[in-house]
Amino acid sequence: MGTNPRKENDSDKPKNETGKKKVQKLKAKNMEETLKRIEEAEAAADSSKIHRSFRVPTIVMMKYGSLSEDGGSVSESGSDQSKLSEDEDVVQSSDGDNPTGACDEDNDHSSGDGVIEADDGDNYHGEDSHGESDDSREVVEESDSSEDEVAPRNTVGNVPLEWYKDEEHIGYDLAGKKIKKKERQSKLDSFLASVDDSKNWRKIYDEYNDEEVELTKDETKLIGRLLKGKAPHADFDPYAPYVDWFKWDGAKHPISNAPEPKKTFHSFKVLRYVRAIRKGLIKFDDKPKEESRLYALWDDSSSAERQGLAYIPAPKPKLPGVLAIRSQFINIDPESLKPKLPSRKDLKPYPTTCYLEYKGHKGPVMTISTEPTGQWIASGSKDGTVRIWEVETGRCLRIWDLGENIDQVAWNPLPELPMLAVAAGHDVFILNTRCGSDEQQKKIEELLHVEPQMATEDSGQYDWGQDDRHGGIRLKHFKTVTKVEWHRKGDYLSTLMPSDILFRAMNALIGSVCSIRESRSVLIHQLSKRLTQRIPFKTKGIPVSTAFHPTRSIFFTATKKDVRVYDLLKQKLIKKLEAGVREISSIAIHPGGDNAIVGSRDGKLCWFDMDLSSRPYRVLRCHPKDITGVAYHRSYPLFASCSDDCTTYVFHGMVYSDLNQNPLIVPLEILRGHSRVMDCKFHPRQPWLFTAGADSLIKLYCH
C-alpha cells in the first residue's frame with residue numbers, strides 16, 4: 001500500500017518538468033511585453049495614469065499567466081494553468097492533504113472567470129522553484145471582519161487628496177499626528193516585486209490611507225459570486241422550500257375580519273326597490289295635487305269653509321308685581337377688579353432694611369440733603385446746627401452752629417462746587433463745606449467773596465453780605481425762609497417766604513390785593529452776580545413749596561390748592577395742576593421732567609402726568625396723617641413719601657419712553673423706625689434711602 005504512491009510520484013516527474021519549462025517560457029514573454037508597455041506608458045501619460053496602466057497588466061499576468069503573441073484568449077492560458085494546478089494538487093496530496101477536495105475546488109474555479117480563479121492562481125504562484133506547494137508555508141490567521149467595521153487611519157474626512165499633492169503628508173491619524181507619505185518605488189522595482197510575490201494579484205492600493213490591502217481567499221470568493229450574480233454566501237439557498245407556519249385544520253374564525261363591501265349593500269337596496277315597483281307600492285305617474293296654503297284671514301265666511309283660526313285673541317299683558325321691579329345684581333369677583341401688578345421680587349433693588357444710623361443732633365432733624373457724588377450728606381436740626389456726615393462710615397465731618405431753627409439744607413448740584421445752602425430764620429447761608437480739592441476750594445472762596453454793595457430800593461428786604469464767622473455768604477430776608485432750591489446749573493437758587501398768620505387773614509378778607517403781595521414770597525438769586533429778583537408772575541394763593549425743572553427753564557410753584565408751572569424765558573403760565581386735596585405740603589419733579597408727585601396734609605399722594613392731563617393720573621391714599629416730604633430717585637425707578645404717622649413708603653414708578661404707555665406704579669415697602677419722619681432723600685447713585693426723624697436720628701435704608 002505504501003509503494004503505490006511512490007510509483008505514481010515517480011511517473012509524474014516528467015510531467016512536472018515539462019510544466020516548469022512552459023512556465024519559464026511564459027514568464028519570459030510576459031516580462032518582455034510588460035517592459036515595453038511600461039516604457040510606452042511613461043512616455044505618454046503622467047505619474048497617476050502610469051500607475052494605473054502598470055497595475056492592470058501586472059494583475060492580468062499574475063492571474064492568467066502570459067498572453068499569447070497572437071492575442072490568444074484567456075481560456076488557453078487558463079488551460080495551462082489548470083494543468084499546473086492538477087500537478088500541484090498531486091504534490092499536495094502526497095504531503096498528506098486531501099487530493100479529492102483540492103481537485104473539486106480547482107475544478108470549480110477553472111470553470112469561472114478570472115476573479116473566481118483566485119484560489120488556483122494563488123496555488124500556482126505559491127509554487128516555488130523547487131516545486132513545493134503554497135500550503136507548506138506558515139499560515140497567517142485571517143480576520144472574519146470586513147473593512148467597513150475598521151475605523152480609517154486617516155481622519156481628514158471628505159477632503160480631496162489632491163490638496164495634499166504637494167505636501168509631505170496625506171492627513172492626520174486619530175492622535176492628531178501627521179501621516180507621512182511612503183516612498184514610492186520605481187515602476188521597474190514594483191514590477192519585479194510583483195513577479196516575486198505570488199499574492200500580488202490580491203493586493204489593492206488604498207490612496208486614502210496610503211497603504212496596500214490584501215484580499216483574503218474568502219473575500220475573493222465573495223467577489224466572484226457577486227460577479228456571477230449569485231448570493232454572496234454559498235450557504236444561502238434562494239430556492240428553499242416554502243414552510244407553512246399556520247395550521248388551518250379546525251379553524252373557527254376566518255383570518256380576515258373586514259366588513260362587507262358596499263356593493264352588496266347597494267345591490268340589496270336596489271333589489272328591494274325593484275320588488276316594490278313590481279308590486280305597485282311605488283308609482284311614478286300619479287303626482288299628488290298641491291293644495292293652496294293661502295286663505296282670507298278676515299273673510300266673513302263660516303269657520304267650516306275657511307282655513308285657519310276663527311278668532312285670534314290679543315296677547316295678555318303682564319300683571320304688575322314684585323318680579324317686574326326687582327333690581328338686577330351683577331356677580332363680580334372682587335379679586336378680578338384689582339389691577340395686575342408685577343411681583344416685588346422682579347422689581348428689585350429697592351431699600352428694605354436699616355443699615356446705618358447717624359447720631360449727633362440734640363433736637364428733631366428737620367431736613368437732609370445728599371451730595372451729588374453720594375459721599376456726603378448734610379442735615380439740619382431744630383437745635384440750630386448743620387452737620388455733614390460721611391455716608392459709608394457715619395462719621396460727622398463738620399458742624400456749624402447758626403443759632404436758629406434750620407428749615408432747609410440743599411447741596412449745590414455741581415460736584416465741582418461742594419457748597420451748601422442753609423435756610424435758618426430770616427437768613428440764607430451759603431457755606432463752603434471744604435469737601436473738595438484745593439483747586440475747588442480756591443474757586444469756591446472766590447465765588448463766595450462779597451464786596452460791599454450800594455444801597456438799593458430793595459436793600460431793606462434782602463441783603464448780600466460776607467459771613468466771616470461761618471466762612472460763606474449771608475443773604476438776609478425780611479421774613480422767615482422755609483425753602484431753598486438750587487437750579488441745575490448751580491448758579492441760581494430760589495427761596496420761599498410763606499406769609500404769617502396775620503397776612504393770611506388779610507388775604508382772606510381783601511383777596512386779590514394781597515395776592516399781588518404773594519409774588520414777593522418767592523425770590524430767585526444769582527450767586528455769580530450777587531443779584532436778587534422777584535418772579536415776574538402774579539401768584540394766586542399762598543405758596544408752600546417750589547422746584548426747578550431738571551432739564552428746561554421751567555419753574556414750579558406749589559400753593560395750598562394747586563401747582564402752577566411757569567416758563568422763565570417766556571415769562572408766562574404754562575399749566576395749572578389741580579391736585580384736589582385739602583392742602584399741598586410738598587412737591588418733587590421726576591428726572592425726566594414730564595411727571596411730578598405732590599404730597600398733601602390729608603395723607604394723599606398724587607402722581608401727575610403733565611403730558612396726559614392737569615388732573616392727577618393716580619391718587620395714593622397710603623398715609624393716615626400729614627405727608628411731610630416726597631422724593632424721586634435720580635437713576636432708579638423709585639419714589640418715596642414720609643409722614644407724621646412714623647412710616648415711609650417706597651414705590652416703584654416706571655416712566656416709559658413710549659407716550660402711549662402709562663406709568664407703572666407699584667407699592668414696594670413700608671419703612672418704620674422713627675417716632676415721626678420729617679424728611680426723606682434718595683442716594684444719588686445707589687438704591688438707598690435716607691430718613692430724618694423727630695427722634696434726632698438719621699437712618700440709612702439699603703437693599
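User: Which residue stands opposite Glu-211 of strand 4?

Analyst: Asp-206 does. Keep in mind that we're looking at a predicted model.

User: What makes strand 3 and strand 4 count as paired?

Analyst: Pairing takes at least two bridges, and strand 3 (residues 203-206) and strand 4 (residues 211-214) have four, running in the antiparallel sense. So the pair passes the rule. The hairpin has four residues between the strands, and there Asp-210 takes a positive phi near 55 degrees.

User: Why are Phe-537 and Tyr-566 called stacked?

Analyst: Two numbers settle that one. The ring centres of Phe-537 and Tyr-566 are 4.1 Å apart, and rings pair if the centres lie within 6.5 Å. Their planes sit at 15 degrees, and under 30 degrees counts as stacked, so the label fits. The pair also links distant parts of the chain, 29 residues apart: Phe-537 is in the loop between strand 18 and strand 19, while Tyr-566 is in strand 21. Both residues are buried.

User: What makes Lys-359 and Glu-357 a salt bridge?

Analyst: The N to O distance is 3.9 Å and the cut-off is within 4 Å, so the Lys-359 and Glu-357 side chains make it.

User: Is Lys-359 buried or exposed, and how do you know?

Analyst: Exposed: Lys-359 has 58% relative accessibility, and the label needs over 50%. Its partner Glu-357 comes in at 33%, which lies between the 20% and 50% limits, so Glu-357 is partly exposed.

User: Which residue forms a salt bridge with Arg-676?

Analyst: Asp-644, with the closest N and O atoms 2.9 Å apart. Here too the sequence positions are distant, 32 residues apart, and each partner lies in a loop.

User: Why is Asp-644 called buried?

Analyst: Buried means under 20%, and Asp-644 has 16%, so Asp-644 qualifies. Arg-676, at 35%, is partly exposed.

User: How do you know that Asp-679 and Lys-681 meet in a salt bridge?

Analyst: Their N to O distance is 3.1 Å, and the limit is 4 Å. Asp-679 counts as buried at 8%, whereas Lys-681 is partly exposed at 24%.

User: What makes up the nonpolar surface patch of about 550 Å²?

Analyst: Tyr-273, Ile-277, Leu-281, Ile-282 and Phe-284. Take Tyr-273, which is found in helix 9: its relative accessible area is 49%. Patch residues need over 30%, so Tyr-273 clears that bar, yet 49% is not over 50%, so Tyr-273 is called partly exposed.

Conventions
Residues numbered from 1 in each chain as written. Predicted model: local features only at pLDDT ≥ 70, side-chain atom pairs only at ≥ 80, totals over all residues. Heavy atoms only, no water. Patch = residues over 30% accessible without salt bridge, like charges linked within 9 Å, V, L, I, M, F, W, Y side chains within 5 Å. Areas by Shrake-Rupley, 256 points an atom, 1.4 Å probe, with all protein chains shown as cover. Helix = DSSP H or I, 4+ residues; strand = E, 2+ residues; numbered from the N terminus. Buried < 20%, exposed > 50% of the residue type's maximum accessible area, 1.4 Å probe, protein only. Phe/Tyr/Trp six-rings, centres within 6.5 Å; stacked < 30°, edge-to-face > 60°.
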